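This report sets out selected side-chain features of one protein chain, as computed from its atoms. Disulfides come before aromatic contacts and a pocket.

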Amino acid sequence: MAGLHSRLTTFLLLLLSALPFIAAAAPSSGCGKGPTLYNGQTVTTNINGKSRRYTVRLPDNYNQNNPYRLIFLWHPLGSSMQKIIQGEDPNRGGVLSYYGLPPLDTSKSAIYVVPDGLNAGWANQNGEDVSFFDNMLQTASNGLCIDTNLVFSTGFSYGGGMSFSLACSRANKVRAVAVISGAQLSGCAGGNDPVAYYAQHGTSDSVLNVAMGRQLRDRFVRNNGCQPANGEVQPGSGGRSTRVEYQGCQQGKDVVWVVHGGDHNPSQRDPGQNDPFAPRNTWKFFSRFN
C-alpha cells in the first residue's frame with residue numbers, strides 16, 4: 001500500500017505540474033459598474049507636465065462582471081500607437097495589428113491598451129514611461145472590469161525594452177512579459193524580482209545583437225530561480241526557430257526563450273510557414289496564466 005500511495009502521489013504531482021498556473025481572480029474596482037472607457041477610445045492624460053495618449057480596445061460583448069486580462073502593447077522606435085492599431089506589412093518586417101493577438105483570443109478574454117511614445121520611443125527619462133504605465137493601469141482598473149492578477153506587456157525592439165523595464169520595476173503589477181528582439185533601452189529600476197518571461201531574438205539581428213536579448217533573459221532566469229541552460233541553443237535548419245523551456249523555475253514564473261536565424265523582425269516566420277510565430281508564441285505563453 002505504501003508503494004501504491006507513493007506512486008499515486010508522484011502521478012498527481014506530475015499532473016499538477018503540467019496544468020496551467022491558476023491563481024484566484026483579483027477583480028478591479030471597475031467590475032460590476034458601467035464602463036467609463038469604450039472600445040476604440042483614445043485617452044489623453046498628463047504625466048510630469050507632458051501630454052500622453054493611448055487607445056483602448058475592448059472585446060465584443062464586453063461584460064462588466066467578467067474580469068478580463070489586460071495586455072499592454074508597446075510600439076518600436078519610430079512607430080506609433082496608430083501603426084500598432086492598424087498594423088503594417090509583415091512581408092516587409094512590419095508589425096501585425098495589435099501584434100497579431102486578438103484573432104488568437106477566441107474566448108474574447110482580453111482588453112488591449114496601446115500607448116503612444118514620446119519622440120516615437122520609450123526613453124523612460126526619470127521613469128516617466130513607467131509612470132505613464134501606472135496611470136493607464138489605474139484608469140483601466142477603475143473604469144473597466146479587469147483581473148489585476150492578469151496584466152501583461154509585450155512589444156518589439158524599443159517596445160520590448162519597455163516591457164523588460166516593466167518586468168524590472170513593476171514585478172508586483174505585471175504577470176508576464178513577452179520581449180520580441182529587445183534590449184535594455186528603457187532602464188531596469190529594481191530588476192531583482194521574479195516575473196514570467198518570454199523572449200525571442202534572431203541570431204542575425206543587425207540592430208540589437210542577440211547577446212543583448214540573452215542578457216535580458218538571463219536576468220529573469222536568475223530572478224525566477226530557473227536552472228541555467230548548458231550553452232546557447234542555435235536556430236534549426238534554414239534558421240527555423242528553436243525553443244527552450246527553462247526548468248526548475250518558481251511556480252508560475254516560467255521562462256521561455258526562442259532563438260531564430262532571422263534579422264530584426266517582429267514578423268519572422270519559420271521556413272514553410274505562412275504566419276509569423278511571435279503572436280502564437282506570445283498568446284500561448286500568456287494563456288498559461290489563468
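## Basis of the report

A disulfide is here a pair of cysteine sulfur atoms within 2.5 Å. In chemical terms, a disulfide is a covalent bond between the sulfur atoms of two cysteines. The model examined is a predicted one.

## Disulfides: number and pattern

A search of the whole structure yields 3 disulfides. When the bonded cysteines are counted along the chain, the pairing follows the pattern 1-2, 3-4, 5-6.

## The C168-C188 disulfide

The sulfur atoms of C168 and C188 lie 2.0 Å apart and form a disulfide. The torsion about this S-S bond is about -85°, so the link between C168 and C188 is left-handed. The pair connects distant parts of the chain, 20 residues apart: C168 belongs to helix α4 (residues 158-169), while C188 is found in the loop between β6 (176-180) and β7.

Where do these two cysteines stand with respect to burial? The cut-off for a buried residue is a relative accessible area under 20%. C168 has 4% relative accessibility and therefore counts as buried. C188 has a relative accessible area of 17% and is likewise buried.

## The C31-C145 disulfide

C31 and C145 are joined by a disulfide with 2.0 Å between their sulfur atoms. Because the torsion about the S-S bond is about 90°, this disulfide is right-handed. C31 sits in the loop between α1 (2-18) and β1 (42-47), and C145 in the loop between α3 (128-143) and β5 (146-156), so the bond ties together parts of the chain that are 114 residues apart in sequence. C145 is buried, its relative accessible area being 0%.

## The C226-C249 disulfide

A further disulfide connects C226 with C249, at an S to S distance of 2.0 Å. The link of C226 and C249 is right-handed, with 115° about the S-S bond. C226 occupies the loop between α5 and β8 (242-245), whereas C249 occupies the loop between β8 and β9 (255-260); the pair therefore ties together parts that are 23 residues apart in sequence. C226, at 8% relative accessibility, counts as buried.

## Aromatic pairs and cluster

The structure contains 11 aromatic pairs. One of them is formed by Y197 and F220, whose rings are stacked at 5.0 Å centre to centre, with 10° between the planes. Since Y197 lies in strand β7 (residues 196-202) and F220 in helix α5 (residues 210-223), the pair ties together parts that are 23 residues apart in sequence. Y197 and F220 are both buried.

Which residues make up one aromatic cluster? The cluster is formed by F72, W74, W122 and F133.

## Arginine residues over aromatic rings

R57 places its charged end over the ring of Y98, at 4.8 Å from the centre of that ring. In another such contact, R69 lies over the face of W283, and the distance to the ring centre is 5.8 Å.

## The second largest pocket

The second largest pocket encloses about 200 Å³ of space. Its lining comprises 15 residues, of which P76, L77, F156, S157 and H264 are the closest to the pocket centre. Sorted by class, the lining of this pocket holds 8 nonpolar, 6 polar and 1 charged residues.

How values were computed:
Residues are numbered from 1 along each chain as its sequence is written. This is a predicted model: local features need pLDDT of at least 70, side-chain atom pairs count only at pLDDT 80 or more; totals for chains, interfaces and linings use all residues. Side-chain values use heavy atoms; hydrogens and water are left out. Rings of Phe, Tyr and Trp (its six-membered ring) pair if their centres lie within 6.5 Å; planes under 30 degrees apart count as stacked, over 60 as edge-to-face and the rest as tilted. Helices (H or I, at least four residues) and strands (E, at least two) are DSSP runs, numbered from the N terminus. Buried means under 20% relative accessible area, exposed over 50%, partly exposed in between (1.4 Å probe, protein chains only). A charge sits over a ring if NZ of Lys or CZ of Arg is within 6 Å of the ring centre and within 35 degrees of the ring normal. On a 1 Å grid over the protein atoms alone, a cavity is a set of points where a 1.4 Å probe fits but cannot get out, and a pocket is an open set with protein on both sides within 12 Å along at least five of seven lines; lining residues have an atom within 4 Å of a point. Grid points are joined across faces, edges and corners, and a volume is the space filled by probe spheres set on the points. Ala, Val, Leu, Ile, Met, Phe, Trp, Tyr, Cys and Pro count as nonpolar, Asp, Glu, Lys and Arg as charged, and the others, Gly among them, as polar.
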